[in-house]
Amino acid sequence: MRYAARLASMLALTLLASSLHATPAQDDEQRFVATLQLGSSPDVHYLDANGKPVSYAAFAQQLGAGRDYSSTSDSKANTAMLRLRPPGTTTGTGRFSFGRGSAFPPFELPSLQGQSLHSSDLRGRYTLVSFFFADCAPCIAEVPVLNAFAKANGDMGFVAITYEDADTARNFLHDRGLRWPVLHDGQALIDTLGVNIYPTLMLIDPSGHVAGAAVGMAMRDGQDKQLADLTGWVQQWKKATAASSAGAHSESDKPHP
C-alpha cells in the first residue's frame, strides 16, 4: 500500500511538473483543441488552404490574420482535421487535394437510416465513396452503374455523401433509385476535402487512406461499358495500394546497418 501511495504521489508530481513546463503555445493549442469537444489526448491535424499539413503555430497565425477554416471530426476515433479556407472566404476551400496515400478526413455524419456513421466504421475493407447533390445531372446518370457495381462487389463498403439535408437526400433516393447508404449534411467534410466538382469518387483502403480519387470521372456510354470502366478503375487502385504495401513491408524487413 505504501508503495502504491508513493507511486501515485510521484505521478502527481510528474503531471504537475509537466503542466508547469508547458509553453504558452502549447497552452494555446490545448485551449483551442478543447473547443473541438473531443476526448482526452485527441489526434488533431491542421491543413493549409491547399490541403498541405501545417503546424498548429502556422495554423493559428493564419487564424490571427482573420482566416476562416473548415473542421470535421470523429468522436469515436477521437480525431479531427481542420483546413484553412482561401483568403477572404468563409465557405468552401481550395482545390481538391487528397490523393493516394492521404488519410481520409475523420467524420461522423447522419445517415438516412437514422444513425450516424463514423469514418472509423469504414476501416477493415475497401470502401467506395461517391459525392453527389440532387440536381447534378452526371450524379443522376451514374446511379445505375453505382447500383450494379455494389451488387457485384458485396465484399466492399459503399457510401454516398451530400451536403444537402435529409429530405433532399431521401427524395433523391426515392426518385433516382440509388441503393447505397447515404449520408447527408456533409458540407464540413466536403469543404475539408476540397470537393467542388460532382460527382467525385474516392476509393478508401482498409486502413482509412485514399487509394484513388476521380473528380468528375468520365465513363463510356452504355451501362455495361460504364460498369467495366468503374470496375477497372477500382481494381487499378487496389493493385497499386497492394503493391505499395508490399514494397513498404519488404523495406521494413531489410536488415538495418
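**Figure 1. Helix H5, a helix largely enclosed by the rest of the structure.** In this predicted model, helix H5 covers residues 143-152, and 7 of its 10 residues are buried, so the rest of the structure largely encloses it. If you want to pick out the buried ones, look for Val143, Val145, Leu146, Asn147, Ala148, Phe149 and Ala150.

**Figure 2. The disulfide between Cys136 and Cys139.** The structure holds 1 disulfide, and here it is: the sulfur atoms of Cys136 and Cys139 sit 2.3 Å apart. The torsion about the S-S bond is about 75 degrees, so this disulfide is right-handed. Both Cys136 and Cys139 are buried.

**Figure 3. The open sheet of 5 strands.** Going across the sheet, the strands come in the order E9-E8-E7-E10-E11, and the pairing is mixed. E9 and E11 (210-215) are the edge strands, each pairing on one side only. Toward the middle of the view, strand E7 (residues 127-131) and E10 pair in the antiparallel sense over 5 bridges. Along that pairing, Ser130 stands opposite Leu201 of E10, and Phe131 stands opposite Thr200 of E10.

**Figure 4. Strand E10 and its hairpin with E11.** E10 is mostly covered, with 5 of its 5 residues buried. Thr200, Met202 and Ile204 point one way from the strand, while Leu201 and Leu203 point the other way, and all are buried. E10 also pairs with E11 in the antiparallel sense, over 5 bridges; one place to check this is Leu201, whose bridge partner in E11 is Ala214. The two strands make a hairpin with 5 residues between them, and Gly208 in the turn has a positive phi of about 90 degrees.

**Figure 5. The cis peptide bond between Tyr198 and Pro199.** Omega for this bond is about -5 degrees. Pro199 is found in the loop between helix H7 (187-193) and strand E10 (200-204).

**Figure 6. The open sheet of 4 strands, with helix H3 packed on it.** The strand order is E2-E1-E4-E3, again with mixed pairing. Strand E2 (53-54) and strand E3 (69-74) stand at the edges with a single partner strand each, so one side of each has no neighbour in the sheet. Strand E1 (residues 43-47) and strand E4 (residues 79-84) run parallel and are joined by 5 bridges. Within that pairing, His45 has Met81 of E4 as its bridge partner. Helix H3 (residues 56-64) packs on the sheet and touches E1, E2, E3 and E4, its direction making about 50 degrees with that of E4.

**Figure 7. Two residues with positive phi, Asn78 and Asp185.** Neither one is a glycine. Asn78 has a phi of about 60 degrees and lies in the loop between E3 and E4. Asn78 is buried, with a relative accessible area of 15%. For Asp185, phi is near 55 degrees, and the residue is in the loop between strand E9 (182-183) and H7. Asp185 is partly exposed, at a relative accessible area of 42%.

**Figure 8. Aromatic rings, with Phe158 and Trp180 as a tilted pair.** The count comes to 13 aromatic pairs. Phe158 and Trp180 form one that is tilted, at 5.1 Å centre to centre and 50 degrees between the planes. This pair links distant parts of the chain: Phe158 is in strand E8 (residues 157-161), Trp180 is in the loop between helix H6 (166-176) and E9, and they are 22 residues apart. Both Phe158 and Trp180 are buried. Elsewhere, ring pairs link Phe32, Tyr46, Tyr56, Phe59 and Tyr69 into a cluster.

**Figure 9. Model confidence along the chain.** The mean pLDDT of the chain is 86, and 83% of its residues reach 70 or more. Among the elements, E9 has the highest mean pLDDT (98) and helix H1 (residues 2-20) the lowest (45). Over residues 10-21 pLDDT stays under 50, and for that stretch the model has 1 contact beyond four places in sequence.

Definitions and conventions
Residues numbered from 1 in each chain as written. Predicted model: local features only at pLDDT ≥ 70, side-chain atom pairs only at ≥ 80, totals over all residues. Heavy atoms only, no water. Pairing = 2+ DSSP bridges. Contact = heavy atoms within 4.5 Å. Axes fitted to C-alpha atoms, helices over the stretch in contact; angles between N-to-C directions. Buried < 20%, exposed > 50% of the residue type's maximum accessible area, 1.4 Å probe, protein only. Disulfide = S-S within 2.5 Å. Phe/Tyr/Trp six-rings, centres within 6.5 Å; stacked < 30°, edge-to-face > 60°. pLDDT = per-residue confidence, 0-100.
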